[in-house]
Amino acid sequence: MASVSISLMAIRRDGGASSHDAAQGLARGSKRLQRHAKKRDTSGGSFGLAQARGSEVMQPPKRRVASKRAINTGRRENLEEQPMSHPDGHSATITPSPIATAGKVFADGSMIELIGGVHPAHPQLMLSAGSREIIGPLIEYDGQRYKPADIESSILQEMTLPRRCCAHGTAREFLTDICKLLTNLVGLDEKSASLVGRIILCTAIIDAVSVAPVLVIAGPDTARANRLVSVLRCLCRHSVPLTSVTPASFCSLANGARYTFLISQANISDKLQKLLNDASRSDRKIPFRGRLLDLFGIQVIQSESVLADDPWPLRSIQIAMVPTETALPAFDQDAQRQIAAEFQAKLLSFRRANLGAAQRLNFDASKFSFGLRDLARSLAAATPDDAELQAEVFELLREDEAESRAARWTDLTAITVEALLVALHESPGKAVYVSELSKLAQATLSGRGENSTVDPGAVGKRLRLLGFFTEPRDAKGKKLRLTEAVYNRARQLARDLDIPEPSELGRTEVGPAGMT
């Protein structure tokens with residue numbers, strides 16, 4: 001006789017029923033399912049979950065539920081399958097609850113993706129395993145069942161999802177198509193279109209990057225800025241348009257959905273800025289109301305406040321929208337739906353073909369300044385199978401690299417390390433007080449036209465952050481012993497931060513005894 005599995009989906013305690021009555025109710029439910037299983041065996045069987053060949057899809061049948069008078073053992077999520085014994089000798093199996101997901105990648109390269117359903121509020125899942133595609137509201141793979149992520153219906157209404165998958169060509173061909181669309185619909189120049197195009201591709205391989213880049217849109221031409229956001233909504237993976245965002249409302253979004261956040265609002269508060277910075281790193285989880293949130297994803301910021309004082313200088317691509325004489329072409333709802341349907345299907349194909357390669361990519365970003373390396377790696381990962389496109393990242397970020405170096409010229413971290421290098425080369429093996437280092441830093445700033453004052457306390461804190469530890473305070477203050485370990489650490493920081501050696505600054509280099 002075929003084995004029977006009973007899913008206890010609605011277990012509750014009935015105060016008026018005895019344990020014997022509950023066991024009898026469970027036994028009756030088991031017998032009914034056994035009779036139903038015999039009927040299915042004689043009629044050729046049936047699918048328990050959505051299964052298909054190619055693009056054919058079969059819907060899951062209705063499932064029977066265990067007796068309503070079953071004993072309540074306590075509600076638990078994702079229970080492991082385990083036998084359940086009863087006084088009359090019957091047994092049942094508790095089937096694990098489906099895992100909610102907005103997308104999952106398995107070790108063998110198979111993927112589960114969230115796709116649009118007949119109604120926007122009821123998405124489905126698509127399993128791609130080799131040449132097979134299985135679509136349905138419930139998917140089973142490797143012994144575990146999966147269901148669509150619990151995303152609030154109003155968000156699903158606005159969220160852009162693919163309905164199918166179709167060939168995208170090569171990464172170069174797909175990027176070219178995207179850039180042409182950005183140029184025609186928004187009027188972006190070649191460089192800006194190339195950068196934005198890579199951000200779009202990056203949304204598809206977001207699982208392969210450790211730091212999510214930010215696309216900053218600002219400038220007086222709000223019509224073109226709004227148009228760019230509308231186009232990005234059609235092209236980016238899991239894009240969601242947002243406004244009036246606060247830290248609390250941002251944390252209310254679904255966990256682990258890998259959204260592309262399209263945030264359009266006049267100002268970004270300091271608290272929201274910090275939260276967005278934390279959410280841009282894949283290894284950081286945000287505590288919120290007793291749980292940890294995973295809100296990692298690409299961020300697009302359209303705001304009036306970002307270009308004057310950019311809060312994302314090391315991981316952002318800035319697109320300035322200035323007025324032009326060229327009129328924008330029509331881009332109505334029908335055109336948006338058509339473009340979204342075509343490019344979302346191709347973007348899903350791109351993700352399938354390139355995610356694994358992007359995760360394995362070892363891009364050498366050492367030529368960039370330390371702060372730009374994460375952004376460079378993310379942009380290179382967007383085209384993991386094309387070395388020539390990856391090499392273009394150096395030219396695309398050339399201006400950002402120059403600005404980063406100029407900003408570092410007066411950065412407190414850089415001038416602190418520079419002052420320490422000078423002390424190491426002028427007083428090898430001795431000790432230097434923090435107040436003396438702050439005077440060296442102040443002289444460096446003054447020589448570069450900066451009028452700001454360097455506080456010794458700030459220098460001391462920065463030394464600790466950089467891994468240097470001072471000796472206990474004496475009458476003159478705290479001092480740092482210039483040991484060989486300090487020398488080696490300072491030299492390594494200088495290389496990482498691209499700080500010139502004292503000899504390059506017009507000073508004579510004299511290393512500590514025994515140091516080369």
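A residue counts as exposed when its relative accessible area is over 50%, as buried when that area is under 20%, and as partly exposed in between. Keep those cut-offs in mind as you click through this predicted model.

**Stop 1: a salt bridge within one helix**

Select Arg337 and Asp334. Both residues are exposed, and they form a salt bridge whose closest N and O atoms are 2.4 Å apart. The two sit three residues apart in helix H8, so about one helical turn separates them.

**Stop 2: follow helix H8 to a sheet**

Now show the whole of helix H8, residues 333-360. This helix lies across strands S4, S5, S6 and S7, and runs at about 160 degrees to S5. Those four strands make up an open antiparallel sheet, in the order S4-S5-S6-S7. At its edges are strand S4 (103-105) and strand S7 (132-136); each has a single partner strand, so one side of each lacks a neighbour in the sheet. From one strand to the next, the twist averages 20 degrees.

Zoom in on S6, residues 124-129, which pairs with S5, residues 111-115, in the antiparallel sense over five bridges. To find your way along the pairing, pick Leu114, which stands opposite Leu125 in S6, and then Met111, which stands opposite Ser128.

How many of the six residues of S6 are buried? Six of the six are, so the strand is mostly covered. Colour its two faces separately: Gln124, Met126 and Ser128 are buried on one side, and Leu125, Leu127 and Ala129 are buried on the other.

Stay with Ser128 and look towards S7, where Glu133 stands opposite. S6 and S7 are also antiparallel partners, joined over five bridges. The two strands form a hairpin with two residues between them, and Gly130 in the turn has a positive phi of about 70 degrees.

**Stop 3: a three-stranded sheet**

Next, select S3, S9 and S8, which form an open sheet in the order S3-S9-S8 with mixed pairing. Strand S3 (99-101) and strand S8 (139-141) are the edge strands, each pairing on one side only. Here the twist averages 40 degrees from one strand to the next. S3 runs parallel to strand S9 (residues 144-148), and three bridges join them. For a landmark, use Ala100, which stands opposite Lys147 in S9.

**Stop 4: strand S10, covered on both faces**

Move on to S10. Five of its five residues are buried, so the strand is largely enclosed by the rest of the structure. Val214, Val216 and Ala218 are on one side, with Leu215 and Ile217 on the other.

Which strands run parallel to S10? One is strand S15 (residues 299-302), joined to S10 by four bridges; another is strand S16 (residues 316-320), joined by five. You can label one pair for each: Ile217 has Gln302 as its bridge partner in S15, and Leu215 stands opposite Ile317 in S16.

**Stop 5: Asp221, just past S10**

Carry on along the chain to Asp221, in the loop between strand S10 (214-218) and helix H5 (222-235). Asp221 is buried but has no salt bridge. Arg224 has the nearest side chain of opposite charge, 4.2 Å away, and a salt bridge needs the nitrogen and the carboxyl oxygen to be within 4 Å. The side chain of Asp221 does reach the backbone nitrogen of Arg224, at 3.3 Å. Beyond four places in sequence, Asp221 is in contact with Met321, Val322, Pro323 and Thr324.

While helix H5 is on screen, click Ser230 within it. Ser230 is partly exposed, at 27% relative accessible area. Its C-alpha atom is 9.8 Å from that of Val186, although the two residues are 44 apart along the chain.

**Stop 6: more salt bridges**

The model holds 18 salt bridges. Select Glu399 and Lys191, whose side chains meet at 3.6 Å, N to O. Glu399 belongs to helix H11 (residues 398-408) and Lys191 to helix H4 (residues 190-204), so this pair ties together parts 208 residues apart in sequence. Glu399 is exposed, at 52%, while Lys191 is partly exposed, at 29%.

Then try Glu471 and Arg481, with closest N and O atoms 3.2 Å apart. Glu471 lies in the loop between helix H14 (456-465) and strand S18 (479-481), and Arg481 in strand S18.

For a last selection, show Glu113, Asp207, Arg237 and Arg351 together: they are linked in a network of salt bridges.

Methods. Residues numbered from 1 in each chain as written. Predicted model: local features only at pLDDT ≥ 70, side-chain atom pairs only at ≥ 80, totals over all residues. Heavy atoms only, no water. Buried < 20%, exposed > 50% of the residue type's maximum accessible area, 1.4 Å probe, protein only. Lys, Arg positive; Asp, Glu negative; His and termini not counted. Polar contact = N/O pair within 3.5 Å; in protein donor to acceptor, adjacent residues only side chain to side chain. Contact = heavy atoms within 4.5 Å. Pairing = 2+ DSSP bridges. Axes fitted to C-alpha atoms, helices over the stretch in contact; angles between N-to-C directions.
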